[in-house]
Amino acid sequence: DGNSEYKRQVHKNLTTTRLRTLSTQMSYRLDEGSGRCTYHIGVEDDGCHSLLDYPSISESAWILESIARSLNSVVLERKMIQGEIIESNTNDDNADGEEGLKLVEDRSRVIFVDEPPVLGRDNVNGCNNAHEDEKEEKEDLAEGVNDNNNPKGKKIKLCTEEGSYTRCDLTIQRVETHLLDPSPLSLSSLSRASSFGEGVDGAMAATELSKLASLELNGTSNGSPIKEEMKSSSPEESKTDNDSSNQPISVEETLSSRNVRVAVVGNVDAGKSTLIGTLTTSFLDDGRGSSRTSIMKHRHEIESGRTSTSSSHLLGFRHSGEPIAGRDKIRSNKMKSEDEIARASYRIVTLMDLAGHEKYLKTTIHGVSSGMADYGLILVNSRHPPTHMTQHHLNLCCSYGIPIVVVFTKIDGCPEHALATSKKELSKLLKSPDIGRRPFAVKTEQDVATCMGKLHTLAPMIDISCVTGEGLDLLRKMLFALPKRRQHQKKLNRPFEFLVEDVFPNVPGVGSVVSGFVNAGELTVGSTQVYVGPTDDGTFLKTVAKSAHIARINTTHITAGQSATLAFSLNKETRKKLRRGMVVMRDNPTSTKEFDAEICVLKGEGTTIRESYQAYVHILNVRQTAFARNIEIVNNNALGLLPSHGAKQDSEGIVLRPGSRAKVRFEFAKRPEYIRPGMRMLFRDGRVRGVGIVTGIPGQNEA
């Protein structure tokens, strides 16, 4: 247990399977030590010296350092130790007078030499007091030698001959940053290396070590150990590196302030899942659904080709805009996990795959309502004109104020007249008063830069093919250039608010787990008491948040803007009360069954709304049937719309029709919910009928 590992020797002739086992073991040690671990090479499991010579220990240290680099980790300290074992040939120590070995009693005669890491011999500079003088480090000065024969400060060379009993202490630190190439030498290449020198040369050639940052051995309290980028050796590299940020980058910051959430919507045959699979895996589609099968969740989705549930997938980018491949370099059929992508990324685009079939429209509406999307990708099949579902998706995104990017898919083999017809029909939809967007064709990188900052008036249109790869690079550049629209970091001072999107009542060995989105505030898990609810009777469950994960990475602190999972300490009876649509808060909140909202009835099909009107309401992650109990016509509201029209009052009361605005008091039909003023709402009765903003809670307003 713990973050220390004892290794007698790591042989050079290793299979990929054995290297993968060692990699998993090192990852566990790093997790145990909160990102730092120590390897004692040349030591048995019981703590005895293994009596190995210098070449064996040095080669073992090199292999472990290469494995560390594949885990986004670096060697902070590589300390070689000699002189601990001496020969004894005295009658006092050995009754038979035979030669033997014993530990040296005078520890001042033990030689400690700090060697620079092999993969960073010329590029990694230490930052602590013991490593300030790089020249002394390269000359391998002894730190602990101080006697008459070897005065302190004299150059000491390690003995490399047979019988030079050596051991090594290797300190490894995980670097959660985009500045470090996570795999300068793949494990498969490491297993094929026939010699120590060949492996080192291959590692040095496979990575750009000039981007390594200086490491601080005792700087764990300041977060990331990386402080600044090294200067490049060539002017071209220096110019490139100067454009990038030298500040330390953490996974938590990447997943909150540099995580752009994009909702992918479109008709059932537009190729949404195929596009997401192609972008995240970096492999082209074969035209028969190979890409979409890698991201679909259920068997019936794979068999039918239709997405029925909403899911999120991470697309990572380095600082230069280069996408991070989503498949493992060793086994191409193995997908990278979310934590591997998050640790290697400077910027992340979360692609939310939503259903396109009309049968699952309510699932798509809920995904857009609770997904906190910054932007929306509207996919259109270039071989067919836009359908009524495309119209619904455009109205849905515009109702929530989400800027849109239009993507024409399947342009390989598409007749020119069919593509021209699709673009013409879609342009009419975009220019309609309900949408109010101006189409803008994106064909070059300059076009990408032109439409940035104008997405509330422009609708960029990109032509792509997931089979030939045409237009995919331009789409990646567009996604990388999209600025973060929702500024959740401004909500850190607000009370903690976690929106529950999915529930796992009984995870083996963990207990009750919920996943969702941190909408406001921050929380430190461990001993903090939280309230989860409301339950069916309107009460909240008081419990303790035991642990938390973001992108499958264990953490003790979550902040606004992150998608996270929380584990609670609940008994078997209480955990049955958990459901989707709940909220987790630090302060004891109150639930309500009634709320006031200012609404606007959307134009379209004939809709008549009067008192007792029943609709399905979406308010962030809350979705439930509600009744209109009271209607008041207003001309000034929180939406800032034009004066109301189309609302009339007859003998039976006020009647609302398309285009009219009013203040309505809704009442939930089944159970109380947690609602607060300022939340955006949408209501529908089969089709989307209107949008609005919650303006108040009756009970709270009176108080």
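What percentage of the 703 residues of the chain count as buried? The answer is 52%, where buried means under 20% relative accessible area, exposed over 50% and partly exposed in between, computed with a 1.4 Å probe on protein chains only. This is a predicted model, in which local features need pLDDT of at least 70 and side-chain atom pairs count only at pLDDT 80 or more, while totals for chains, interfaces and linings use all residues. Residues are numbered from 1 along each chain as its sequence is written, and side-chain values use heavy atoms, with hydrogens and water left out.

**Whole chain**

With the whole chain displayed, the secondary structure comes to 17 helices and 33 strands; these are DSSP runs numbered from the N terminus, helices being H or I runs of at least four residues and strands E runs of at least two. Among the contacts with a separation of 6 or more, 72% join residues 24 or more positions apart, a contact meaning heavy atoms within 4.5 Å.

**Helices H1 and H2**

Select residues 16-32, helix H1, together with residues 54-70, helix H2, whose axes come within 10 Å and cross at roughly 70 degrees. Axes here are lines fitted to C-alpha atoms, for helices over the stretch in contact, and angles run from 0 to 180 degrees between N-to-C directions. H1 and H2 are therefore roughly perpendicular to each other, the class for angles of 65 to 115 degrees, whereas those under 35 count as roughly parallel, those over 145 as roughly antiparallel and the rest as oblique. The crossing of H1 and H2 is right-handed, which is to say that the near helix is turned clockwise from the far one by less than a right angle. On the H1 side, Leu19, Leu22, Ser23 and Met26 make the contact, and on the H2 side Ile63, Leu64, Ile67, Ala68 and Ser70. These residues divide into 7 nonpolar, 2 polar and no charged.

**Helix H8 and its cover**

Next select residues 272-281, helix H8, of which 10 of 10 residues are buried. What covers them includes strand S10 (259-266), S11, strand S12 (347-353), strand S13 (375-381) and helix H15 (472-481). Just after H8, look at serine 282, whose phi is positive, near 65 degrees.

**Serine 311**

From H8, move to strand S11, residues 311-317, in which serine 311 lies. Serine 311 counts as buried, at 12% relative accessibility. Its side chain makes a polar contact of 3.0 Å with the side chain of histidine 313; a polar contact is a pair of N or O atoms within 3.5 Å, where within protein one must be able to donate a hydrogen and the other to accept it, and residues adjacent in sequence count only if both atoms are side-chain atoms. Leaving aside neighbours within four places in sequence, serine 311 is in contact with Lys297, Leu351, Met352 and Asp353.

**Leucine 419 and helix H13**

Finally, select helix H13, residues 416-431, and find leucine 419 within it. Leucine 419 is buried, with a relative accessible area of 18%, and, not counting residues up to four places away in sequence, leucine 419 touches Ser382, Phe408, Cys414 and Asp463. Histidine 384 is 35 residues from leucine 419 in sequence and 7.9 Å from it in space, C-alpha to C-alpha.

Add helix H12, residues 388-399, which packs with H13 at an angle of about 35 degrees, their axes 11 Å apart. Thr390, Gln391 and Leu394 of H12 meet Leu426, Leu429 and Leu430 of H13 in this contact.

Terms used
Nonpolar A, V, L, I, M, F, W, Y, C, P; charged D, E, K, R; others polar.
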